[in-house]
Amino acid sequence: MKRRPSLDPEFQVSRFKLSIPKTSNLKHDTSSRWPIRFTRDDGRAHREGSVMLDRQKGSSEQRRPRVAVFKFTSCDGCQLSILNLEEDLLALGEALDIAYFPEASSTMNAGPYDIALVEGSITTAEDAHRILAVRQQTEVLITIGACATAGGIQALRNWSDIEAFKRAVYPSPEYIQSLSASTPISEHIHVDFELWGCPIDKYQLLRVITDFVVGVQPRLPVDSVCLECKRRGHVCVLVAKGIPCLGPVTRTGCGAICPGMGRDCYGCFGPSEGERKGPGLPPNTASLARHFHEGLHLIPVEVMRRFRGINGSASPFRTESEAWENKG
Ligand code: SF4
Ligand code: SF4
Ligand code: SF4
């Protein structure tokens, strides 16, 4: 296990400052959790809590939390969001031990890991077996992106015949070993936190990691893209142009990028929560679908396709698309 020299009571890493309050007795405290303050220089992130820093008996050395990044069936775009953290990634690399990240390094250290980031859905028998091993060697497991959290765009095959696809695409389909459905990680193992997006937002990722590192349960906004869209003063494409925007039922987090460019949201951050009765409950997809049909004159198959996209297998979107599948 890679160890760094004893942690200075205060050290500066890039734009982050990780400090241990002077009241902490580093030499004599035998606790495995140490109070820390984790602050970003520009003030955009500020966490206080305690961090797991194992210390060998009789030594003042601490073990940085070990992080691993695993890929399943995916396009790698969410892993690229991690690399796009740029200087923040360097800061995290100082504060954490990035032990396993094949996309970024040829050095791959074995588990156990304190935090695992999992990209991709389960689409093969080998995937289904491997994710069990990942869970066994991980304390906190976070899914990153639509593939891992809802099955991804590849879950469109869940409504089709995978064997027909294989015959149409591959000259030798007998070599393709694939399950009939693409499923999210949470259908196979316990997941501690799900991060939505296709790809994920790197600042949300940063916030979730730093929350876990300091022992705080992460909380991200679950309300709709519309709220962010209005806060930013974008013209509503649904009202002004009659474009069937999924913003009213899609989880915020992207900064309302698409309406900001004059186009519709297509739901890549997954379903929002709580628009009807409160947090944790599904958004009112039925009302929006009815407006698409009656107000914007989309025919049923077009309404169905609006909800059957990147997050088409997420429960509220799946239910709505199936409700319109056989209409008229
Ligand atoms: S969620 Fe999107 S960006 Fe992330 S791995 Fe899947 S397809 Fe790629
Ligand atoms: S453009 Fe879309 S996201 Fe923005 S307010 Fe209108 S419906 Fe909501
Ligand atoms: S506006 Fe909608 S589709 Fe566009 S990035 Fe945001 S969540 Fe994704």
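Here is a quick tour of the surroundings of three ligands and of two helix pairs in this predicted model.

**The ligand shells**

Let's start with ligand 1. Its neighbours are Ser 74, Cys 75, Gly 77, Cys 78, Glu 119, Gly 145, Ala 146, Cys 147, Gly 152, Ile 153, Cys 198 and Pro 199. Two elements, α1 (77-83) and α4 (146-150), each give two or more residues to that shell.

Ligand 2 has 14 residues around it, and the ones that come nearest are Cys 226, Cys 229, Cys 236, Cys 245 and Gly 247. Here the elements giving two or more residues are α7 (225-231) and α8 (237-241). Helix α7 has the largest share of the ligand 2 shell, with 4 residues.

Around ligand 3 you'll find Val 225, Thr 250, Cys 254, Ala 256, Ile 257, Cys 258, Cys 265, Tyr 266, Gly 267, Cys 268 and Phe 269.

Sorted by residue class, the shells look like this:

| Shell | Nonpolar | Polar | Charged |
|---|---|---|---|
| Ligand 1 | 7 residues | 4 residues | 1 residue |
| Ligand 2 | 11 residues | 2 residues | 1 residue |
| Ligand 3 | 9 residues | 2 residues | no residues |

**Helix α12 and its partners**

Now for the helices. Helix α12 (residues 315-325) packs with helix α11 (residues 300-307) at an angle of about 165°, their axes 8 Å apart. Angles over 145 degrees count as roughly antiparallel, so that is how α11 and α12 run relative to each other. On the α11 side, the contact is made by Pro 300, Val 303, Met 304 and Phe 307, while α12 brings in Phe 317, Glu 320, Ser 321, Trp 324 and Glu 325. By class, this contact breaks down into 6 nonpolar, 1 polar and 2 charged residues. The crossing itself is left-handed.

The other pair is α12 with helix α10 (residues 285-295): their axes come within 10 Å and cross at roughly 40°. That makes α10 and α12 oblique to each other, and their crossing is right-handed. Thr 285, Ala 286 and Ala 289 of α10 meet Pro 316, Phe 317, Glu 320 and Trp 324 of α12. Those residues split into 5 nonpolar, 1 polar and 1 charged.

If you're looking at α12 on screen, Phe 317, Glu 320 and Trp 324 are worth picking out: they take part in the contact with α11 and also in the contact with α10.

How values were computed: Residues are numbered from 1 along each chain as its sequence is written. Chains are lettered from A and ligands numbered from 1 in the order in which they are written. This is a predicted model: local features need pLDDT of at least 70, side-chain atom pairs count only at pLDDT 80 or more; totals for chains, interfaces and linings use all residues. Axes are lines fitted to C-alpha atoms, for helices over the stretch in contact, and angles run from 0 to 180 degrees between N-to-C directions. Angles under 35 degrees count as roughly parallel, over 145 as roughly antiparallel, 65 to 115 as roughly perpendicular and the rest as oblique. A crossing is left-handed if the near helix is turned anticlockwise from the far one by less than a right angle, and right-handed if clockwise. Two residues are in contact if their C-beta atoms, placed from the backbone, lie within 7 Å. Ala, Val, Leu, Ile, Met, Phe, Trp, Tyr, Cys and Pro count as nonpolar, Asp, Glu, Lys and Arg as charged, and the others, Gly among them, as polar. A residue is near a molecule or strand if its C-beta atom, placed from the backbone, lies within 6 Å of it.
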